[in-house]
Amino acid sequence: MSYASADSASFDNQDGFSAPQVLAQLRQSFASDRTRTLPWRRAQLSALESLLKHHTDELITALYQDLGKSKTEAWTSEIGFLLTDIKHTLRHLKKWMRPHKVPTPLIAQPGSSAVFYEPLGCVLVIGAWNYPLQLTLAPCIAAIAAGNCVLLKPSELAPATSSLIKKLIPRYLDNTAIAVIEGGKAETTDLLAQSWDHIFYTGGEAVGKIVMQAASQHLTPVTLELGGKSPCLVERSADVEVAARRIVWGKWMNAGQTCVAPDYIIVEECVKDALLKALKKEIRAQYTRQPLQSPDYGKIINRHHFDRLCGYLENQQLYFGGETDPQEHKIGPTIVLDPDADSPIMQEEIFGPLLPVLTTTQISESLDFIRQRAKPLALYLFTNDSKLEQRVIRKVSAGSVCVNDIMMFMTNANLPFGGVGTSGMGQYHGHAGFAQLSHKKSVMIRKFWLDVAVRYAPFSSFKLAILKKLL
Ligand code: NAD
């Protein structure tokens with residue numbers, strides 16, 4: 001299917017990129033009203049599904065080049081994730097798009113009330129490098145589902161995936177309504193200077209502030225998918241073996257470069273040794289005794305981040321790992337024991353394969369430690385104590401909480417995903433993404449017959465008494 005018309009330049013060629021021109025083209029497409037229709041939304045989502053299925057091998061190769069991702073990891077955490085999101089959206093979209101009827105009060109009778117989900121218009125999506133496919137295309141799925149035009153700006157730090165997105169999207173999707181611009185700071189700055197209807201940004205806090213500041217010039221709403229330090233609590237009643245297996249899986253996937261990876265562990269003293277031994281055993285089981293050579297173990301995105309991570313290890317006590325390969329940007333799974341709370345590894349988001357393990361006598365005593373810090377994107381708790389479970393869920397604010405597992409909430413498209421406080425604002429995945437990129441328009445429809453006069457002047461105490469009953 002081709003949507004490019006003779007009088008509408010497509011974005012295939014980025015030479016002479018002009019942000020105002022790109023937005024003008026998207027606005028023209030949005031004004032055509034075609035993106036509002038269910039058939040258009042469905043066709044785009046199905047086309048995206050075909051793209052992912054037809055080019056799976058190329059995408060896996062690009063993800064390997066950028067991050068050394070194994071085939072399994074690339075499929076499950078990027079391609080498969082997106083296919084599931086598309087399937088879920090296609091299945092429910094018609095229902096989501098229906099106006100949602102709500103009751104109408106007596107004063108407004110006869111009348112009916114409903115909430116209409118209306119597309120916002122043109123959405124700018126700024127992707128991140130750690131899941132460069134998923135984090136660019138999942139917001140795109142939400143934007144299409146909500147009937148918007150979209151401009152995708154994949155991360156320049158994952159160049160192989162970025163250029164593949166740039167190459168493939170126009171071949172499959174309506175390329176005058178869904179465009180891709182590659183680039184870094186300069187291009188993003190130009191794009192941010194335009195008046196978008198929504199900006200969806202995934203990345204770090206510092207650029208998040210730049211995005212929000214730029215958006216404020218046009219009063220553009222933003223979704224900020226940020227990061228932070230996600231704690232993982234291990235209490236004495238937990239099944240330590242299973243906990244260790246799941247922690248190793250979630251922490252060292254993508255070499256720790258996952259926004260919802262456990263950043264540090266707090267373990268109760270009485271199970272600390274058992275947990276450390278189990279973690280060591282699991283790392284070896286999952287990534288062998290030579291993890292840097294394991295085909296299943298990823299690399300750090302670039303030298304800057306490699307050096308940043310190595311810096312965190314200075315003056316720290318290592319329990320396990322610490323091996324590095326500067327040529328390949330690889331750092332083995334590494335466990336750091338009891339770092340000072342004011343050391344850089346405990347002050348900044350690690351976003352890499354280093355796992356500090358802190359000790360406490362009782363998990364309930366460490367809840368204040370978490371509450372006194374920035375609200376995390378994810379919070380993990382391993383326990384069999386249901387009272388503690390409820391206490392943590394209800395008392396500690398976090399974007400998401402997962403009990404007795406790591407990151408598995410991401411597999412449920414029915415759960416909204418997003419941060420709170422400095423870990424972000426706004427949510428997506430499934431219906432949450434559709435709602436995030438729609439305007440919930442309140443609509444009331446009245447009839448001409450029956451025009452009760454009590455609300456009109458001249459007022460009287462009798463009219464006021466009736467109004468008090470009706471309102
Ligand atoms: P980043 O913030 O440096 O870059 C993200 C994007 O911003 C890129 O597309 C880049 O081109 C653009 N950019 C960079 N500098 C810019 C500038 N000065 N002006 C305008 N645009 C600019 O990415 P990062 O900080 O390396 O990403 C890692 C962070 O992202 C971590 O904190 C992680 O937790 C977070 N993250 C969050 C999620 C989530 O879903 N919540 C997912 C992945 C990563």
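User: By class, which residues does the shell around the ligand have?

Analyst: In this predicted model, the shell around the ligand has 11 nonpolar, nine polar and five charged residues. Altogether 25 residues surround the ligand, and the closest are Trp129, Glu156, Tyr201, Leu226 and Glu349.

User: Which side-chain and backbone atoms lie at short listed distances from an oxygen atom of the ligand?

Analyst: The general idea is to look for pairs of N or O atoms within 3.5 Å, which is the cut-off for a polar contact. Here an N or O atom in the side chain of Tyr201 is 2.5 Å from an oxygen atom of the ligand, and a polar side-chain atom of Lys153 lies 2.8 Å from an oxygen atom of the ligand. The backbone takes part as well, with an N or O atom of Gly127 lying 3.2 Å from an oxygen atom of the ligand. As for cover, the ligand taken alone exposes 840 Å², and the protein buries 88% of that.

User: Which elements give two or more residues to the shell around the ligand?

Analyst: They are helix H7 (185–192), strand E6 (198–202) and helix H8 (205–216), and H7 gives the largest share, namely three residues.

User: Why does the ligand lie between domain 1 and domain 2?

Analyst: Domain 1 (19–226 + 423–443) and domain 2 (231–418) both give residues to the shell around the ligand, and therefore the ligand lies between them. The centres of the two domains, taken over C-alpha atoms, are separated by 30 Å, while the contact takes 26 residues from domain 1 and 24 residues from domain 2.

User: What feature does UniProt place at residues 27–443?

Analyst: An unreviewed UniProt entry places the feature "domain: Aldehyde dehydrogenase" there. In the model, the span of residues 27–443 is 43% helix and 19% strand, and its end C-alpha atoms lie 25 Å apart.

User: Where in the chain are peptide bonds cis, and which residue has a positive phi although it is not a glycine?

Analyst: As a general guide, most peptide bonds are trans, and most residues other than glycine have a negative phi. In this structure the peptide bond from Gln109 to Pro110 is cis, with omega near -5°, and Pro110 is found in the loop between strand E1 (100–102) and strand E2 (111–119). Another cis peptide bond joins Ala457 and Pro458, with omega about 0°, and Pro458 lies in the loop between strand E18 (438–446) and helix H16 (461–470). Asn404, which is not a glycine, has a positive phi of about 65°, and Asn404 is found in the loop between strand E16 (400–403) and strand E17 (424–425).

Key. Residues numbered from 1 in each chain as written. Predicted model: local features only at pLDDT ≥ 70, side-chain atom pairs only at ≥ 80, totals over all residues. Heavy atoms only, no water. Near = heavy atom within 4 Å. Polar contact = N/O pair within 3.5 Å; in protein donor to acceptor, adjacent residues only side chain to side chain. Areas by Shrake-Rupley, 256 points an atom, 1.4 Å probe, with all protein chains shown as cover. Helix = DSSP H or I, 4+ residues; strand = E, 2+ residues; numbered from the N terminus. Nonpolar A, V, L, I, M, F, W, Y, C, P; charged D, E, K, R; others polar. Domains from an automatic or database assignment. UniProt positions renumbered as here; feature names shortened; annotations may be inferred. Contact = heavy atoms within 4.5 Å.
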